[in-house]
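Trainee: Please pick one part of this structure and take a close look at it with me. Then show me where that part sits in the whole.

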Amino acid sequence: MFSIKGTVSSGMNKASNFMNKDVYKKQYSEKLGFIPYTGTLNIKLKNNVTLDIENELKPYLKKIEGDEKFGDVFFLDAVLQPENININKKGAILFPVKTIYKTDTLEFISDEKLRDRFSLVDGDQVIIKIDK
């Protein structure tokens, strides 16, 4: 397991459009083990850190299959912990094949809206723990 720090940041509010697509819905429950809230928590990694999903983390990626219109979504099981709060939340980091984000911005999902659960706002610091 390894941990990385990041900062909560606003996205483009488009994740819910994709989270609700039929092509993904059934697979979320089966492969993630939970039904995700329909948005993502965007986390900008600190200190120019990126995740190497093409090499180092590739063997650990799991896949939610898309179709010809909507691409595959790879994911890693992960745990989120807001800094200075001793509470963890299980979820996953999504890596859509079709995305606008670089690998220094993560899209974290769980079964609830994390901004509400932890009273998170842009700029708050979080720790992501990835089990590999």
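Mentor: Start with Asn 84. This residue is exposed, because its relative accessible area is 79%, and exposed requires over 50%. Keep in mind that the model is predicted. Asn 84 is found in the loop between β4 (73-82) and β5 (89-96). That loop is our part.

Look at the backbone of Asn 84. What is the phi of Asn 84? The angle is positive, about 70 degrees, although Asn 84 is not a glycine. Why pause at that? Most residues other than glycine have a negative phi.

Now move along the loop to Asn 88. Asn 88 also belongs to the loop between β4 and β5. Is Asn 88 buried or exposed? The label is partly exposed, because its relative accessible area is 43%, and partly exposed covers the range between under 20% and over 50%.

Which residues does Asn 88 touch? Set aside its neighbours within four places in sequence. Asn 88 is then in contact with Val 79, Leu 80, Gln 81 and Lys 129. Now take Ile 128. Asn 88 and Ile 128 are 40 residues apart in sequence. Their C-alpha atoms are 9.4 Å apart in space.

Ile 128 leads us inside. The largest nonpolar core has 22 residues. Ile 128 is among those with the most contacts inside this core, together with Leu 51, Leu 106 and Phe 108. β1, β2, β4, β5, β6 and β7 each supply at least two residues of the core. So β4 and β5, the strands on either side of our loop, both contribute to the core. There is a second, separate core of twelve residues. Met 19, Tyr 24, Tyr 28 and Phe 75 are included in that second core. The general background is this: in soluble globular proteins, nonpolar side chains tend to be buried together.

Stay with two members of the second core. How many aromatic pairs are there by the ring rule? The count comes to one. The pair is Tyr 24 with Tyr 28, whose ring centres are 6.2 Å apart and whose planes meet at 35 degrees, so the pair is tilted. Both residues lie in helix α2 (residues 22-32). They are four residues apart, which means about one helical turn separates them. Tyr 24 counts as buried, because its relative accessibility is 4%. Tyr 28 is buried as well, with a relative accessible area of 4%.

Next, the strands. Strand β2 (residues 41-45) is largely enclosed by the rest of the structure, because four of its five residues are buried. Strand β1 (residues 2-9) pairs with β2 in the antiparallel sense, over four bridges. Within that pairing, Val 8 has Ile 43 of β2 as its bridge partner. β2 also runs antiparallel to strand β6 (residues 105-109), and four bridges join them. There, Lys 44 is bridged to Thr 105 in β6.

Thr 105 deserves its own look. It is found in strand β6. Thr 105 counts as buried, because its relative accessibility is 14%, and buried means under 20%. Leaving aside neighbours within four places in sequence, Thr 105 is in contact with Asn 42, Ile 43 and Lys 44.

One more loop residue can be set beside Asn 84. Ser 119 has a positive phi of about 55 degrees and is not a glycine. Ser 119 lies in the loop between α3 (114-117) and β7 (125-130). Ser 119 counts as exposed, because its relative accessibility is 58%.

Step back to the whole chain. The chain has three helices and seven strands. Read from the N terminus, the elements run β-α-α-β-β-β-β-β-α-β. Is the chain's size in line with a compact globule? With 132 residues, such a globule would have a radius of gyration near 14 Å, and the chain has 14 Å, so the two agree. The C-alpha trace spans about 40 × 30 × 25 Å along its principal axes. Of the 132 residues, 39% count as buried. The accessible surface comes to about 7,700 Å², and 46% of this surface belongs to carbon and sulfur atoms. Take the contacts with a separation of 6 or more: residues 24 or more positions apart account for 65% of them.

Now return to the loop where we began. Asn 84 is exposed. Asn 88 is partly exposed and is in contact with Lys 129, among others.

Note on methods. Residues numbered from 1 in each chain as written. Predicted model: local features only at pLDDT ≥ 70, side-chain atom pairs only at ≥ 80, totals over all residues. Heavy atoms only, no water. Buried < 20%, exposed > 50% of the residue type's maximum accessible area, 1.4 Å probe, protein only. Pairing = 2+ DSSP bridges. Phe/Tyr/Trp six-rings, centres within 6.5 Å; stacked < 30°, edge-to-face > 60°. Rg over C-alpha atoms; globule rule 2.2 N^0.38 Å. Contact = heavy atoms within 4.5 Å. Areas by Shrake-Rupley, 256 points an atom, 1.4 Å probe, with all protein chains shown as cover. Core = buried A, V, L, I, M, F, W, Y, C linked by side-chain atoms within 4.5 Å.
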